[in-house]
Amino acid sequence: RKAWKIAAATEGLRDYMIEQGKAPEDVFLLPNGVNTDVFRPLPKNKELLAELGLEGKVVFTYAGTMGYAQGLDSVLRAAAIVKAKDERAHFLFVGDGQEREKLMALKEELGLDNVTFYGSVPVEKMPEIFSITDYSIVSLRNIDLFKGARPSKIFPAIATGTPVLYCGEGESAE
């Protein structure tokens with residue numbers, strides 16, 4: 001309330017601050033971004049494809065925190081549907097989080113041999129991950145709170161030339 005200026009990462013947060021009484025000139029938009037010197041298009045990393053057994057596959061990658069907010073159980077259920085239709089499609093989960101063990105159990109329950117959990121990698125390795133990714137998955141549960149969200153994981157994918165499959169509503173979808 002006493003802040004001289006407020007930087008909001010999304011339009012939704014900016015609008016909320018103004019609705020709460022801040023003057024519009026005191027709230028400015030400062031969205032997330034990405035270092036395009038690090039995140040840029042690279043040729044496919046054939047060694048990484050071989051290591052993961054993904055040669056000849058269409059790779060759908062989710063990279064980031066595996067928490068409740070991401071609704072990744074829906075992505076696994078989608079992988080089950082896709083598996084029946086296209087054996088080339090493969091889902092790669094890179095990262096860790098509170099839901100990872102549950103997701104790995106669901107993978108086993110659904111018999112998904114088209115899903116790989118890779119674990120966490122340092123941010124410097126992410127451009128290599130994107131080099132083997134045909135589509136980057138960014139998902140949020142359909143909850144009103146997230147409609148004003150703009151997940152930062154969208155920007156590295158775009159910077160590497162990787163198409164983003166966004167699963168959610170609100171500002172990011174728009």
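Hi everyone, let's start with helix H4: on one side of it, Glu101, Lys102, Glu108 and Glu109 are exposed. Keep in mind as we go that this is a predicted model.

So what sits on the other side of H4? There we have the buried residues, Arg100, Leu103, Leu106 and Lys107. They share one side of H4 because they cover an arc of only 120° around the helix axis. In general, an α-helix has 3.6 residues a turn, so residues three or four places apart point the same way. As for what covers the buried residues of H4, the list includes H3 and S5. And just after H4 comes Gly111, with a positive phi of about 65°.

Now let's move over to H3, which runs over residues 72–85. This helix has 14 residues, and from its first C-alpha to its last it reaches 20 Å, close to the 20 Å expected at 1.5 Å a residue.

Which residues of H3 are buried? They are Leu72, Val75, Leu76 and Ala79. Looking down the axis of H3, you'd see these buried residues fall within an arc of 100°, so they line one face of the helix. Turn to the other side of H3 and you'll find Ile81, Ala84 and Lys85, which are exposed.

And what do the buried residues of H3 pack against? Their partners are four strands and a helix: strand S3 (58–63), strand S4 (89–94), strand S5 (115–119), strand S6 (135–139) and helix H4 (100–110). That brings us back to H4, whose own buried residues are covered by H3 and S5, among others.

Thanks, everyone!

Key. Residues are numbered from 1 along each chain as its sequence is written. This is a predicted model: local features need pLDDT of at least 70, side-chain atom pairs count only at pLDDT 80 or more; totals for chains, interfaces and linings use all residues. Side-chain values use heavy atoms; hydrogens and water are left out. Helices (H or I, at least four residues) and strands (E, at least two) are DSSP runs, numbered from the N terminus. The expected span of a helix is 1.5 Å times one less than its number of residues. Buried means under 20% relative accessible area, exposed over 50%, partly exposed in between (1.4 Å probe, protein chains only). The arc is that of the directions from the helix axis to the C-beta atoms. Contact means heavy atoms within 4.5 Å.
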